[in-house]
Amino acid sequence: MSQNILLNTFETPYTTSPFSKIKDSHFLPAFKQGIKDAKAEIDAIINNSDSPTFENTIEALDFSGEQLDRISSIFFNLNSAETNDTIQKIAQEVSPLLSEFSNDITLNEDLFERVKSVYKSKNELDLTTEQQTLLDKKYKSFSRNGANLPEDKKETLREIDKKLSQLKLKFGENILAETNKFEMLITDESDLSGLPDGAKEAAKQLAESKQKEGWLFTLDYPSYIPFVTYADKRELRKELSLAAGSKGFKNDALDNQKIVLDIVKLRHERANLLGYKTHAHFVLEERMAETPEKVQSFLNELLEKAKPAAEREFKNLNEFAGELDGLDQLQKWDGAYYAEKLKQKLFSLDDELLKPYFKLENVIDGAFIVANKLFDLNFKEIHDIDKYHEDVLTYKVTDSKGNLVSIFYADFFPRAGKRNGAWMTSFKPQYIKDGYNSRPHVSIVCNFTKPTKSKPSLLTFNEVTTLFHEFGHALHGMLANTTYPSLSGTSVYWDFVELPSQVMENWCYEKEALELFATHYETGKLIPMDLVEKIKESATFHEGMQTLRQLSFGLLDMSWHGVASPKTISSVKEHESEAFKNTTLYPEVEENCMSTAFAHIFQGGYSSGYYSYKWAEVLDADAFEYFKEEGIFSKEVANKFKDHVLSQGGTENPMTLYKRFRGQEPKPEALLKRAGLIKK
Ligand SMILES: [Zn+2]
């Protein structure tokens, strides 16, 4: 027994985390010991005197480091949901240790030799499909990092990686500096006309915090978005919009044009070095979409369908702006403003109107009932396990026979120490070892409105769909039924991971589902169905233009990363205009450039991946269409979804899994219908 509880077997109900006994001071020593032990496990695999087999190498590798993973899960989940200065400091100290440890594995030549030897004999081994997938995945985690290259090329690869990480850093620093540099100070109150009180108040406070008189607006989203959406003064909207659109594009010290070209060329070179035609080919090898050609035709097919609707919507919006304010040409800085006005005119939907029908407790029950009707799951609140905060709710999830399926944590309210947004995570993965199916501990974390003394927590409709979304991810984790932990639950290709979450949102729009839980918290009356219809309609407002915008970003991404000779590109702006030529609605703005501030693909991890937003929508609409054909609570369809998708994790190619569920490849028609882009 160690003095450090994190290093012991948890003697708790369902071996859940003993939060009440874990002290912040336990983490750092536990991490250090955990890394040491994990290293010893890796060494034992390398030093095994038996020749490499699937079991003694691949399987052993996947089950290694279990203790370290458990410590990491607890620690990083706390750092997101219940952090403090100490935890943040430990995170700073521990992150480089962890990345060094994972580099030690992927760069370990002796370990790679053993993995490669098993990989080479894979056709002679009698492996299950899941084992083949695991072998492939392990092998690629080395080969995609250059393990097969001769020494001099390995050196080149390291050089490229180093340059790329510096360039990405610099790209982000420039954007941040551009964002922080810009300020628009308003001193004449009449210039605030149209803005909601909250936005005015925030601007006043911001000015005060910088010892300025008046109202201060910046390029930060919470300041920028309300201004371009509501401010009546067109010239001021233009000023702000031009500033936002020209980040990294002013030929000054913060310019990103050369950085964009350098990143694109280096990524291409890196891909070539590893034997891929382009960076997009390299990335998409581990995606459901598989090839750039497939992504390109996917985007183009949607474009063809969305464009007429987008042009129609744009024309209407232009006319609306003309009638309202005598505009003859809608400019970029007018779009959000007139769209909001038109939306109010068409729907006059108010959050306050809907909220009484969505008391948090009712919505949670609703999600549980839906999961019960579809997948026979039962949720029972339990009070005998530790929580990391008193607000956290804990449940035991069982199947129809009473077998344990999962432990489920739900953490709904904002507080200091919790980051923004909503997410699903887990404290323990599912896996099967020595014939025992070890069940997962899954959690969802949100930031919903807290109850007050006089009012319970009442959710906006957006929060309702958020809850169902995260609950969908949670079901993917809970229903996992695979052998290997690295293939379990949500460990799937990332253009597939949003299917289970997004598909769950669909139930929120269905009468049959809303009847189960959307009742007024005071009167008990069911939500009026004309309100539901309005919600549905407003959800697809300007869907053509929205779709065109998303597609334009996806096409721009592919134009940078899927071309065979990026060396010939000399002008960022020219290249971009060419990529946008089929998706432009607004008049061209000379001063603006999207690429020089496209952080998703040049700083974050979305290069050759921007298409996946639309891809996931196509999947969820197509999957839900199947439910609608057979009834939204069809047991038959639900069972197929559970057996072929939710329980399978990443054990097979997602397209294979999907086809087994649906009987065919996903088609865009259901999405286009739902979005109102083609006739129902
Ligand atoms: Zn999600």
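Let's start with one pair of residues: Y395 stands opposite F408, and F408 is in strand β5. Keep in mind that this is a predicted model.

Which strand does β5 join through six bridges? It is β4, residues 393-398, and the two strands run antiparallel. Together β4 and β5 make a hairpin, with five residues between them. Look at G402 in the turn. Its phi is positive, about 90 degrees.

Now the other partner of β5. Five bridges join β5 to strand β9, residues 441-445. This time the strands run parallel. One facing pair here is D411 with V445, the latter in β9. So how enclosed is β5? Strand β5 covers residues 404-411, and seven of its eight residues are buried, so the rest of the structure largely encloses it. A general point to remember: in a regular strand, side chains alternate between the two faces of the sheet.

Next, the zinc ion. Which residues supply its protein donors? H469 and H473 each give NE2, and E498 gives two OE donors. The distances to the zinc ion run from 2.1 to 2.8 Å. In sequence, the donor residues follow the spacing H-x3-H-x24-E. H469 sits in helix α17, residues 461-478, while E498 sits in the loop between α17 and α18 (499-505). The pair therefore ties together parts that are 29 residues apart in sequence.

What about the geometry? The angles among the four donor atoms of the zinc ion range from 50 to 140 degrees. A tetrahedral site needs all angles between 85 and 135 degrees. The zinc site is classed as irregular. For reference, the ideal angle for four tetrahedral donors is 109.5 degrees.

Are these donors buried or exposed? Take H469 and E498. H469 has 13% relative accessibility, so it counts as buried. E498, with a relative accessible area of 26%, is partly exposed.

On to the aromatic rings. The count comes to 51 aromatic pairs. Take Y337 and Y338 as one example. Their ring centres are 4.8 Å apart and their planes are at 90 degrees, so this pair is edge-to-face. Both of these tyrosines, Y337 and Y338, are buried. There is also a cluster linked by ring pairs: W507, F624, Y626, F627, F641, Y658 and F661.

Some rings have a charge over the face. R70 lies over F10, at 3.5 Å from the ring centre. K373 lies over F633, at 5.2 Å from the ring centre.

Another lysine is worth a look: K573, in helix α22, residues 572-579. Its relative accessibility is 16%, so K573 counts as buried. What lies 3.1 Å from a polar atom of the K573 side chain? The backbone oxygen of V589 does.

Last, two backbone angles. E290 is not a glycine, yet its phi is positive, about 70 degrees. You will find E290 in the loop between α12 (279-284) and α13 (292-325). At 41% relative accessibility, E290 is partly exposed. D376 also has a positive phi without being a glycine, with a value near 60 degrees. D376 is in the loop between α16 (360-375) and β3 (378-381). With 29% relative accessibility, D376 counts as partly exposed.

Technical notes. Residues are numbered from 1 along each chain as its sequence is written. This is a predicted model: local features need pLDDT of at least 70, side-chain atom pairs count only at pLDDT 80 or more; totals for chains, interfaces and linings use all residues. Side-chain values use heavy atoms; hydrogens and water are left out. Donors are N, O and S atoms within 2.8 Å of the metal (3.2 Å for Na, K and Ca); water is not among the atoms, so sites may look incomplete. Four donors count as tetrahedral if all angles lie between 85 and 135 degrees; four count as square planar and six as octahedral if opposite donors are over 155 degrees apart and all others between 65 and 115; anything else is irregular. Helices (H or I, at least four residues) and strands (E, at least two) are DSSP runs, numbered from the N terminus. Buried means under 20% relative accessible area, exposed over 50%, partly exposed in between (1.4 Å probe, protein chains only). Two strands pair if DSSP finds at least two bridges between them. Rings of Phe, Tyr and Trp (its six-membered ring) pair if their centres lie within 6.5 Å; planes under 30 degrees apart count as stacked, over 60 as edge-to-face and the rest as tilted. A charge sits over a ring if NZ of Lys or CZ of Arg is within 6 Å of the ring centre and within 35 degrees of the ring normal. A polar contact is a pair of N or O atoms within 3.5 Å; within protein, one must be able to donate a hydrogen and the other to accept it, and residues adjacent in sequence count only if both atoms are side-chain atoms.
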